[in-house]
Amino acid sequence: GVLPHLERLEARAHALALRQEAAEQRQERLARLQGRAQELRLRRDELRAKLELQQKRLLGNEGVATSGDPDAAQPSDRAILEWKMRNVQDLLQLFYLTGLSGKRTKHGVCFCISTAYEGTYLDSFYLDLVTKPQVQIRRHSVPVFIPLEELARKHLQTDIKRFLSVLSDHLNAYVGRRYQADQLQERFSGHLEGTLQRNSLCNALVFKYNTSGQNEAFPFSARLLYGDPCRSLPTEAVVSCTSGAPAPLAEATAAHAAAFRRLPLHRALEALSSPRRRPD
């Protein structure tokens, strides 16, 4: 009949609109990341120029020291030590620009990893490292379900920058998934049946929902799995419909699953609940 055909066309149009919106959001995110990368490159160049200037001044001081009496060598050693300290401070400042900051301690160094999602700063995690006789983790506030020991075995002794970068990816992805689940629960409680089910790592979510905001019926069931621990979007989204539901609802499950894979959880449900886009 004409009506089922129109409903199928509407569902396809809805899926196309979701894909277009996802593409636009990817472009916007790419533009933001490119801008951020440009800012970091400029800051890096400034720090390099500053370090080169300090090195030139240091070499000049050494020339003055060696041209005079031997007792002038001690100030030159002090200048070298001061230059090394400034170098460390500049590196710590560079870390801060990428979400990492740190300070020297009597045992070694303490790093702070700041996390954020969609421009919202969330939690900060601390990592206290001992640097002698070898680099070791002394204390930390990283959640137990983050594979900290595994990452330390792989990278801590050989490449501490890589270790901090990968650990930051794990933490940002975790808080991003948790933030999405919290936003869904807080902003769309009328669309959910009961409480959203999730594990500690928030890499497995299960919930029943509707797109109307009415509590009478919740025809859709969703199961989201996050196979990549460094991503905040699911690698697998399975959406099903209750038995006996109208055909247009069953046909809309594919578009729903695509939306959950491509958009943050709360934004996906927001798009699916929009009256001008809702296929059901």
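Author: Contact here means heavy atoms within 4.5 Å. Helices (H or I, at least four residues) and strands (E, at least two) are DSSP runs, numbered from the N terminus. The model is predicted, so local features need pLDDT of at least 70 and side-chain atom pairs 80 or more, while totals for chains, interfaces and linings use all residues. Residues are numbered from 1 along each chain as its sequence is written, and side-chain values use heavy atoms, without hydrogens or water.

Reader: Which residues of α6 does α4 meet?

Author: Helix α4 covers residues 160-187. Its side of the contact is Y179, Q180, A181, Q183, L184 and R187. Across from them in α6 stand L265, H266, L269 and E270.

Reader: How is α4 placed relative to α6, roughly parallel or oblique?

Author: Axes are lines fitted to C-alpha atoms, for helices over the stretch in contact, and angles run from 0 to 180 degrees between N-to-C directions. The two axes come within 7 Å and cross at roughly 40°. Under 35 degrees counts as roughly parallel, over 145 as roughly antiparallel, 65 to 115 as roughly perpendicular and the rest as oblique. Therefore α4 is to α6 oblique.

Reader: At what angle do α5 and α6 pack?

Author: Helix α5 spans residues 247-262 and α6 spans 265-273. H256, A259 and F260 of α5 touch L265, A268, L269 and L272 of α6. The axes lie 8 Å apart, and the angle is about 145°.

Reader: In what order do the 4 strands of the open sheet stand?

Author: The pairing is antiparallel; two strands pair if DSSP finds at least two bridges between them. β1 (100-104) and β4 (136-140) each have a single partner strand, so one side of each is left without a neighbour in the sheet. The order is β1-β2-β3-β4.

Reader: Which residue in β2 stands opposite K103?

Author: Strand β2 covers residues 108-117, and 5 bridges join β1 to it. These two strands run antiparallel. Opposite K103 stands C110.

Reader: Which strands does α4 lie across?

Author: Helix α3 (residues 148-156) also packs on the sheet, touching β3 and β4. Helix α4 runs at about 35° to β2. The strands α4 lies across are β1, β2, β3 and β4.

Reader: What is the relative accessible area of E236?

Author: E236 is in strand β8 (residues 236-241). E236 touches R223, L224 and L225, not counting residues up to four places away in sequence. E236 is partly exposed (buried is under 20% relative accessible area, exposed over 50%, partly exposed in between, with a 1.4 Å probe and protein chains only). The value is 34%.
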